[in-house]
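User: Hi! I would like to go through the labels attached to this model and see what stands behind each one.

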Amino acid sequence: MRKTLLLFLLVPFFVSANYWGKTGHRVTGHIAENHLTGKAKRALKDLLDGHSLAFASTFADEIKADRSFSKFFSWHFVNYPLDVRYEDSKKSKFGDVVMGIEECIRIIKDKKSSREDRVFYLKMLIHLIGDLHQPMHASRVEDKGGNDIQVQWFGEGTNLHRIWDKNLILSYGMTYTELADELDQVSRKERKKIQEGTIYDWVQESHEICGEIYGSAEIGEKLGYQYSYKYNKVLFSQLQKGGLRLAKVLNDLFD
Ligand code: ADE
Ligand code: ZN
Ligand code: ZN
């Protein structure tokens, strides 16, 4: 009886790991799916064994439970001073989200790569483009991307990082397909504009938003409806950009 009780108390602790929550990643994957070329669709169908991009998008978080994949941990984010551009920053010797994305693209493109590697790095890539658009994943090192900044969300303890990984998204109470359908209402012209630029421009955008977010809450602050109202536009725009840019990266890759 005691053991069961302990398990119930510990389960929420273990499942609340830090990631642009599953919903965020799936929204990005689902939006991307609507903007693929025929060629990219066929290549992805083959490599993902018919699974959707939304389904594949959470793989890189799932493997975190297996220590043999620990070298990929640092690929989920990048930290550098807020007033510095990524290009001018000191790079981590363990790699970061930008280096991770570049490595995935290199391996998938390489004709000599095994099918197993191409599948693995494709699933990583789908995930990492999502992470790149979570502002607190293009962050600063002092507080581990806001993980050390404790705040309250509707009366429950959380931190500034997790607010952006999942609290804001989940409080909307919509499924990933509902959110993706709402966020995919863009004109061709708007889509083209969003898909412009490079990974370096995209990480800079996230990094600048991250800088604003640090000014948005004090340690211990009680956040709720007002915060959600203030930042939902930014959140939705990042999810939408992540989806459209993921499609662009995949279309270029399988051209
Ligand atoms: N750990 C350290 N920095 C982090 C960040 N920016 N995002 C997620 N996890 C982290
Ligand atoms: Zn995260
Ligand atoms: Zn991640």
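User: What makes the arrangement of the four donor atoms around the zinc ion (ligand 2) irregular?

Analyst: Happy to help! This is a predicted model, where local features need pLDDT of at least 70 and side-chain atom pairs count only at pLDDT 80 or more, while totals for chains, interfaces and linings use all residues. Residues are numbered from 1 along each chain as written, chains are lettered from A and ligands numbered from 1 in written order, and side-chain values use heavy atoms, without hydrogens and water. Now the label: four donors are tetrahedral if all angles lie between 85 and 135 degrees, and square planar if opposite donors are over 155 degrees apart and all others between 65 and 115; anything else is irregular. Here the angles run from 55 to 151 degrees, so the site is irregular.

User: Which atoms count as donors of the zinc ion (ligand 2)?

Analyst: They are NE2 of H137, NE2 of H161 and two OD atoms of D165, at 2.0 to 2.5 Å. Donors are N, O and S atoms within 2.8 Å of the metal (3.2 Å for Na, K and Ca), and water is not among the atoms, so sites may look incomplete. Along the chain, the spacing of the donors reads H-x23-H-x3-D.

User: Where do H161 and D165 lie?

Analyst: Both belong to helix α8, residues 160-171, and sit four residues apart, about one turn of the helix. Helices are DSSP runs of H or I with at least four residues, strands are E runs of at least two, and numbering starts at the N terminus.

User: What makes α8 mostly covered?

Analyst: Nine of its 12 residues are buried, meaning under 20% relative accessible area (exposed is over 50%, partly exposed in between, with a 1.4 Å probe and protein chains only). Among them are H161, W164 and D165.

User: Why is K144 called exposed?

Analyst: Its relative accessibility is 51%, and the cut-off is over 50%, so K144 counts as exposed. K144 is in the loop between β2 and β3, and its phi is positive, near 50 degrees, though it is not a glycine.

User: How do you know that the chain is as compact as a globular protein of that length?

Analyst: The chain has 12 helices and five strands. Its radius of gyration is 18 Å, close to the 18 Å from the globule rule for 255 residues, so the label fits. The radius is taken over C-alpha atoms, and the rule is 2.2 Å times the number of residues to the power 0.38.

Note on methods. Tetrahedral: all angles 85-135°; square planar, octahedral: opposite > 155°, others 65-115°.
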